[in-house]
Structures are given as structure tokens and as C-alpha cells.
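Colleague: I'd like a close look at how the inside of this one is packed. Take me through it piece by piece, and don't skimp on the cut-offs.

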Amino acid sequence: MRRQQRDRAEFAEFVAARSSALHRAAYLMVGDVGLAQDLVQEALTKTYVAWPRLRDPRNAEAYTRRAITTTAISWFRRKGWNNERATERLPEEPVGDHSGQVDQRHVLWSALQELPVRQRTAIVLRYYEDLTEAQTAAAMDCAVGTVKSQVSAGFAKLRDRLAEQVGDDAARTFDLQTQAVTR
């Protein structure tokens, strides 16, 4: 009985301490606040169920990140989600007269959302969450080489999309890795 209460308390502390970071990572993977909240809740539910089996509760964040990643990938596959959402009004064209950096981030954000889910996930975990290649591979349940190839292919697609949207010369001014880690 005491073990169960201690497990609940440890899990509650973990959720309080890490839920915002987990939500940010989920949001970057799916690009929608509501979907990210659902994803984090699903992953935390899986973590809670597995909590007694975790040999070291310090590994709970890695377990939860992996649950977020695998759940997001399975949702994308199952739902055939194509990143389109209905809105009340059409989006306006970006205006570049007052803040080039904001415009640049918006363009990069849009291009990132167009990437396939595994490439986007690899880039988010690797550069936004600042995980090592090995940690990213563990979270994605793949080999380190797969992480490298997904990141490389993702950056290549980002460069191509940026060149299409802003032109070749302007696309060269984007520092993808710096922009990817800007919080």
C-alpha cells in the first residue's frame, strides 16, 4: 500500500516538473495545441501504467518521450493526418516590412510542418530538445544511422521548400540548426 502511494507521489512530481517540456516537444511534432495535449495525456497514461515496472524513475522522461514519439507516429499512420485544419478565415500572406526574423521563423515553421513525421520528429528531438543522436534513436526506436539519415533528409527538404518559398539566395541565409533550436 505504501509503495503504491509513493509511486503515485513520484509520478505526480514527475508530471508537475516535466509536463510543459513534454508538451512543447509534442507540439513541435504535431503542430497543433489540442493534438499535442492529447498526445501528452496518452503518453503520460502509458507512463503511469508502466511506472511500477520502471527500474529507475529517473528514466521516466525518456520513456514518456518515446511514448510521445511512437504514439504520434501511429496516429499519423492510422488517421492519415495531412496537417490540414479548417479555420474560420483564410490565412493572410505574411508581411515582411516590420520583422524579418518573425517572418523567417514563420516560413521555417510552415516548412517544418510539411515534413514527413519521422523527419520532423528527428529534427525536433535532435535540435529543439537538444538530445544526442543516441537519445533521439532511443526515443524513436530506431538506429542512430536512421536518425542521421532522417535529419539529413529533413534538412534537405527544408532547404528545398525554403528555396521554393523565398528563393535560392534568401534560403541560403536561413541557419536551419540555429532556427531549429530557438525556443
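Modeller: Start with contact range: of the contacts in the protein with a separation of 6 or more, 68% are between residues 24 or more positions apart, a contact being heavy atoms within 4.5 Å. Before going further, this is a predicted model, so local features need pLDDT of at least 70 and side-chain atom pairs count only at pLDDT 80 or more, while totals for chains, interfaces and linings use all residues. Numbering starts from 1 along each chain as its sequence is written, and side-chain values use heavy atoms, with hydrogens and water left out.

The architecture is easy to state: nine helices and zero strands, which reads α-α-α-α-α-α-α-α-α from the N terminus on. The elements are DSSP runs numbered from the N terminus, with H or I and at least four residues for a helix, E and at least two for a strand. Of the 183 residues, 38% count as buried; that label means under 20% relative accessible area, with exposed over 50% and partly exposed in between (1.4 Å probe, protein chains only). The protein exposes about 11,100 Å², and carbon and sulfur atoms supply 49% of that. Those areas come from Shrake-Rupley with a 1.4 Å probe, and for residues only the protein chains shown count as cover.

Now the inside. In soluble globular proteins, nonpolar side chains tend to be buried together. Here the largest nonpolar core has 44 residues, and the members that touch the most others are Phe-14, Val-30, Leu-39, Ile-68, Ile-123, Val-151 and Leu-158. At least two residues of this core come from each of H1 (2–30), H2 (33–50), H3, H4 (100–113), H5 (117–128), H6 (133–140) and H7 (144–166). By "nonpolar core" I mean a set of buried Ala, Val, Leu, Ile, Met, Phe, Trp, Tyr and Cys residues joined through side-chain atoms within 4.5 Å. Take Val-151: leaving out residues up to four places away in sequence, Val-151 touches Ala-122, Ile-123, Arg-126 and Tyr-127.

H1 is a good place to look at the helix packing. Two packed helices are described by the angle between their axes and the distance between the axes. H1 and H2 sit at about 145° with axes 9 Å apart, where axes are lines fitted to C-alpha atoms (for helices, over the stretch in contact) and angles run from 0 to 180 degrees between N-to-C directions. The H1/H2 crossing is right-handed: a crossing is left-handed if the near helix is turned anticlockwise from the far one by less than a right angle, and right-handed if clockwise. The H1 side of that contact includes Phe-11, Phe-14, Leu-22 and Val-30, and the H2 side includes Leu-35, Leu-39, Val-40 and Leu-44. By class, the contact of H1 with H2 has 14 nonpolar, three polar and one charged. For those classes, Ala, Val, Leu, Ile, Met, Phe, Trp, Tyr, Cys and Pro are nonpolar, Asp, Glu, Lys and Arg are charged, and the others, Gly among them, are polar.

H1 also packs on H5, at about 145° and with the axes 9 Å apart, again in a right-handed crossing. Arg-24, Ala-25, Leu-28 and Met-29 from H1 meet Arg-120, Thr-121, Val-124, Leu-125 and Tyr-128 from H5. That contact divides into six nonpolar, one polar and two charged residues.

Next, H3. Arg-65 is in this helix, residues 60–79, and counts as buried because its relative accessible area is 8%. Beyond neighbours within four places in sequence, Arg-65 is in contact with Arg-18, Ala-21, Leu-22, Ala-25, Glu-129 and Leu-131. Phe-76 is in H3 too, and at 11% relative accessibility it is buried. The C-alpha atoms of Phe-76 and Val-30 are 9.1 Å apart, with their positions 46 residues apart in sequence.

Last, the loops. Asp-130 lies between H5 and H6, and its phi is near 60°, a positive value in a residue other than glycine; at 57% relative accessibility it is exposed. In the loop between H6 and H7, Asp-141 also has phi near 60° and is exposed at 51%. Ala-143 is in the loop between H6 and H7 and is partly exposed at 45%. Ala-143 and Glu-133 are 9.1 Å apart, C-alpha to C-alpha, and 10 residues apart in sequence.
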